Amino acid sequence: MTRPDDARWMAAALALGRRGQGRCAPNPAVGCVIVADGRVVGRGRTADGGRPHAETVALAQAGDAARGAAAYVTLEPCAHHGATPPCAGALAAAGVARVVVALRDPDPRVDGGGLARLRAAGVEVVEGVGADAAARDLSGFLSRVTRGRPALTLKLATTLDGRIATASGESRWITGAAARAHVHAQRARHDAVMVGAGTLRADDPLLTVRGMGDVPQPARVVLSRRLDLPPGRMEAGAGKVPMHVLYGSSPDPTAHARLTAAGAIPTEVAEGDGGLDPQAVMSALGDLGFTRVYCEGGGTLAAALLRAGLVDRLDHYVAGAAIGAEGVPGVGPLALAALADAPRLELVDVRRIGADALLRWKAKSS
């Protein structure tokens, strides 16, 4: 049964786990806190690269103090042998008396097996503490396991009237420095940053995290049906920061060879109406091990993802300026027959960032 301090200690474990977002795919960004006599004796998160697991880190820090203690873990401890022994067994062997878990792990290799192993060893197990917060924090991992694709955040940065550039293509800068810094922080919390070929041609972006010190960089993903991409800064740095290029059935062979030689990783995916099939793109990204993808593409890509129902979260940065109808819209044509067909999202947060506003939306629950 739950105890008065369970929510407090689970909140600490969740905060630890969030530090691993964008750093440990395809593994989940788990947090673990071990508490004995009202004080923390061990804490850990899933390490960069996915190993060691949070429980292993916390147990190593706790040492003998783990015996008789309580462990707060944001996801069910694993029960299968992989690169490391199962964490459920490690917790039991360390003498932990009580394990409080936010969520069960839907991975078929675990899915209740870790909790069963703990209970069989005489460990008290409590489930569901902090479950809603854990589901949000681990949404990318859960999505990849249950839906075969990563969770997708679509980022838009527009004027008040929904424009991302003037008619001539000028777009630097729609939003201010504070909003741009916030975007870099969001990149750092995702496994990959994705754009379409049009954005690469127009902006020659780096898509790296800057201004945050020496942090792991997300992979860069470019969607290009024909692979007709000009050389640019992203390609030049593909040997240092991973660059994935997803393409269709008839790529430019010269460009394919050039990108591969530069260190980029081309992956063929199925095509849809006039471009790459969005579902196939997301499935391919799941197969590549990504759990959290941040899309910074243009209006065409934004429309395709919204139309396909693939946007799990939408971060809309709004600047206090207007460009007018001749400007480039943030979302391209959706080919709606009726208002009832419009993609609908649920507003979850509004905040001021410098001179701009951030409206955060999520996909409506079915």
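Helix α2 spans residues 54–62 (helices being DSSP runs of H or I with at least four residues, strands E runs with at least two, both numbered from the N terminus), and its buried residues are A54, E55, A58, L59 and A62; buried here means under 20% relative accessible area with a 1.4 Å probe and protein chains only, exposed over 50%, and partly exposed in between. Viewed down the axis of α2, these residues fall within an arc of 125°, so they line one face of the helix; the arc is taken from the directions from the helix axis to the C-beta atoms. The buried residues of α2 pack against β1 (31–36), β2 (39–45), β3 (70–73) and α3 (87–93), with contact meaning heavy atoms within 4.5 Å. Just after α2, G63 takes a positive phi of about 60°.

The model is predicted, with local features needing pLDDT of at least 70 and side-chain atom pairs pLDDT 80 or more, while totals for chains, interfaces and linings use all residues. Residues are numbered from 1 along each chain as its sequence is written, and side-chain values use heavy atoms, leaving out hydrogens and water.

Turning to strand β12 (residues 292–295), R292 and Y294 point one way and V293 and C295 the other, all of them buried. Strand β12 pairs in the parallel sense with β6 (residues 151–158) over four bridges and with β8 (residues 192–196) over three, where pairing requires at least two DSSP bridges between the strands. Within β12, V293 is the bridge partner of L152, and Y294 that of V193.
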